[in-house]
Amino acid sequence: DEFVRLNKSIENLIEKNSVIYRNQREFIENAAHELQTPLAVFQAKIDTLIQLPDITQAQSEILSSLNDNISKLNHLNKNLLLLSKIENNAYHNKESIIVNDIIQKNLFFFKEQAAARNINIRTSFEQELKIDSNAALVEIMINNLLLNAIRHNIANGEIVIHIANHTLSISNTGQQQGLSADKLFVRFSKTTSEEQGNGLGLAIVKKIIELNNWQIDYALENNLHVFTVTC
């Protein structure tokens, strides 16, 4: 009888926590949806004010600062919505994808981003990496890893995109100390003092990895920060 009562209590506790978790996910998704419109309106009105011919230099600087912050808030909101959709299995459609093709499709954009800091991006494809997954999520994963490699790089640095043995690795120069593996993929966690970003990029990568039952590893090798995805 005692074990039956204990089992019933545990079942009730699990069900209660499951309900709380589902409610939290729904709240985040609903809140993110509701914020999209006012954020877009706010940004549009700031853009309109910036274009006015009679604003002063001081007013222009204030509006520019507001515009930067609303852009960050809008990006944060989109990332929270994306995380919520992933957790709610909104990206369940899968198809055959060649990772090499996705990288090549977006490579020009990232090379432009890296060129501003004179960062060189080179590819090393030993094989064709073919996977079954959601194309949109795979593209988001690759984009976040590359943006992370650019953002946390150094001037005149390097990024290497390598594919071999069913793995994708993205290596970049950066700070000489290794990063804390415990904090890398935690939401809103920042491993450096870098002000850019909102601490969700690698958390989204981790969630996509888990959804596909893949594995991601981080290591500091030969003064390069290496993120390796095993599919």
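This passage describes helix α1, the packing of helices α3 and α4, and the position of Gln175 in a predicted model. Residues are numbered from 1 along each chain as its sequence is written. In this predicted model, local features require pLDDT of at least 70 and side-chain atom pairs pLDDT 80 or more, while totals for chains, interfaces and linings use all residues, and side-chain values rest on heavy atoms, without hydrogens and water.

Helix α1 comprises residues 2-50 (helices are DSSP runs of H or I of at least four residues, strands E runs of at least two, numbered from the N terminus). Its 49 residues should span 72 Å at 1.5 Å a residue, and the end C-alpha atoms are 70 Å apart, in agreement; the expected span is 1.5 Å times one less than the number of residues. A kink of about 30° occurs at Gln36, shortly before Pro38 (the angle between axes fitted to the seven residues ending there and the seven starting there). Buried residues of α1 are Arg25, Glu29, Ala32, Leu39, Gln43 and Ile46 (under 20% relative accessible area; exposed, over 50%; partly exposed, in between; 1.4 Å probe, protein chains only). Their cover includes α2 (57-87).

The axes of α3 (residues 99-115) and α4 (residues 135-151) come within 10 Å and cross at roughly 35° (lines fitted to C-alpha atoms over the stretch in contact, with angles from 0 to 180 degrees between N-to-C directions). Among the residues making the contact are Phe110 of α3 and Leu146 of α4 (heavy atoms within 4.5 Å).

Gln175 lies in the loop between β5 (167-172) and α5 (201-211) and is partly exposed, at 32% relative accessible area.
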